[in-house]
Amino acid sequence: MSDLGVLRRFDLSNRVMIITGGAGLLGKSYAQTLSAAGAHVVVADLDGESADQLAKTVTEASGVDALGIETHVSKPEAVKAMAGAVMEHFGHIEVLMNNAALDPKFDAEHTGEHTNRFEDFPFSAWQEALAVNVTGMFLCAQAVAPAMLEAGRVVIANVSSTKAWRGRISNSTNGKASRRSTSW
Ligand SMILES: NC(=O)c1ccc[n+]([C@@H]2O[C@H](COP(=O)([O-])OP(=O)(O)OC[C@H]3O[C@@H](n4cnc5c(N)ncnc54)[C@H](O)[C@@H]3O)[C@@H](O)[C@H]2O)c1
């Protein structure tokens with residue numbers, strides 16, 4: 001396939017793509033790559049300042065209209081306001097990437113807070129992660145659904161980790177839990 005063919009195939013011109021957690025490690029790469037293919041990216045993040053900054057950088061680099069929005073994906077009103085602001089600015093939403101996440105085992109702000117062992121893992125950290133990683137996906141999808149359904153096209157990508165497919169909490173032998181380690 002010629003270069004032109006590849007570019008045509010991945011041409012995202014004029015598509016509006018919301019990336020939640022867009023100011024994070026992977027979110028930045030998504031924003032840069034998708035905008036390079038022509039998409040108007042919305043960097044929606046708890047860290048509004050970084051989201052704004054990234055949107056400016058992306059616009060300068062690729063010429064697309066990128067928008068930074070501060071939001072909290074596990075708060076229904078904040079998520080509705082984010083979707084409303086996107087509709088007001090662009091008038092349409094083609095793609096939602098549910099990428100915002102908390103991983104209290106590794107997030108810098110939680111470093112050293114607990115041992116990370118399953119037995120000791122704090123209930124509050126579990127609840128906080130579920131609120132962002134699971135409820136956040138539901139709320140964001142719900143908030144963009146009216147615009148997508150009206151347009152007759154729904155594209156929602158939920159970002160996860162391959163660790164989600166590993167059904168174990170430790171190294172195990174013969175299907176029995178090992179005593180060696182229960183650290184995640
Ligand atoms: N980094 C990796 O190596 C890796 C590997 C596999 C999968 N993933 C998955 O990719 C996704 C992103 O990972 P990452 O490494 O970029 O994480 P990250 O911690 O660098 O970024 C997460 C972003 O989410 C934002 N965020 C947190 N809570 C929020 C909330 N309530 N509302 C809005 N934004 C919020 C943070 O401010 C941050 O910018 C996660 O789902 C993670 O599981 C990451």
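L12 sits in the loop between α1 (3–9) and β1. Helices here are DSSP runs of H or I with at least four residues, strands are runs of E with at least two, and both are numbered from the N terminus. A quick word on ground rules: residues are numbered from 1 along each chain as its sequence is written. The model is predicted, with local features needing pLDDT of at least 70, side-chain atom pairs counting only at pLDDT 80 or more, and totals for chains, interfaces and linings using all residues.

**The loop before β1**

Back to L12, which is partly exposed, with 19 other C-beta atoms within 10 Å. For burial, C-beta atoms are placed from the backbone: 20 or more others within 10 Å of a residue's own make it buried, 12 or fewer make it exposed, and anything in between is partly exposed. Leaving out residues up to four places away in sequence, L12 touches L34, A37, G38 and A39. Contact here means that the C-beta atoms of two residues, placed from the backbone, lie within 7 Å. L12 and H40 are 28 residues apart in sequence, yet their C-alpha atoms are 8.4 Å apart in space.

N14 is in that loop between α1 and β1 too. N14 counts as partly exposed, with 13 C-beta neighbours inside 10 Å. Its phi is near 70 degrees, a positive value in a residue other than glycine.

**The overall layout**

Zooming out, the protein has 5 helices and 7 strands. Along the sequence they follow the pattern α-β-α-β-α-β-α-β-α-β-β-β. Of the 184 residues in the protein, 32% are buried. Among contacts with a separation of 6 or more, 66% are between residues 24 or more positions apart.

**β1 and the strands around it**

5 of the 5 residues of β1 are buried, so the strand is largely enclosed by the rest of the structure. V16, I18 and T20 point one way from β1, M17 and I19 point the other way, and all are buried. In a regular strand the side chains alternate between the two faces of the sheet. Strand β4 (residues 95–98) reads in a similar style: V95 and M97 point one way, L96 and N98 the other way, and all are buried.

Now for the pairing, which requires DSSP to find at least two bridges between two strands. The parallel pairs go like this:

| Strand pair | Bridges |
|---|---|
| β1 and β2 | 5 bridges |
| β1 and β4 | 3 bridges |
| β4 and β5 (residues 155–158) | 4 bridges |

As for individual partners, T20 is bridged to A44 in β2. M17 has V95 in β4 as its bridge partner, and L96 stands opposite I156 in β5.

**Helices α3 and α4**

Helix α3 (residues 48–62) has 15 residues and reaches 21 Å from its first C-alpha to its last, close to the 21 Å expected at 1.5 Å a residue. The expected span is 1.5 Å times one less than the number of residues in the helix. The buried residues of α3 are A51, L54, A55, V58 and S62. Seen down the axis of α3, they fall within an arc of 105 degrees, so they line one face of the helix. That arc is taken over the directions from the helix axis to the C-beta atoms. On the other side of α3, E49 and E60 are exposed. The cover over the buried residues of α3 includes α2, β2 and β3. Just after the helix, G63 takes a positive phi of about 80 degrees.

Helix α4 (residues 76–90) has 15 residues that should span 21 Å at 1.5 Å a residue, which agrees with its end C-alpha atoms being 21 Å apart. In α4, V79, M82, A83 and V86 are buried. These residues cover an arc of only 90 degrees around the axis, which puts them on the same side of α4. E77, G84 and E88 are exposed on the face turned away from that buried side. Covering the buried residues of α4 are, among others, β1 (16–20), β2 (40–45), β3 (67–70) and α5 (123–151). G91, just after α4, takes a positive phi of about 85 degrees.

**Around the ligand**

Which residues are the closest to the ligand? They are G21, G24, L25, L26 and A101, out of 22 that surround the ligand. A residue is near the ligand if its C-beta atom, placed from the backbone, lies within 6 Å of it. Helix α2 (residues 25–36) gives the most to this shell, with 3 residues. By class, the shell has 10 nonpolar, 10 polar and 2 charged residues. Ala, Val, Leu, Ile, Met, Phe, Trp, Tyr, Cys and Pro count as nonpolar, Asp, Glu, Lys and Arg as charged, and the others, including Gly, as polar.
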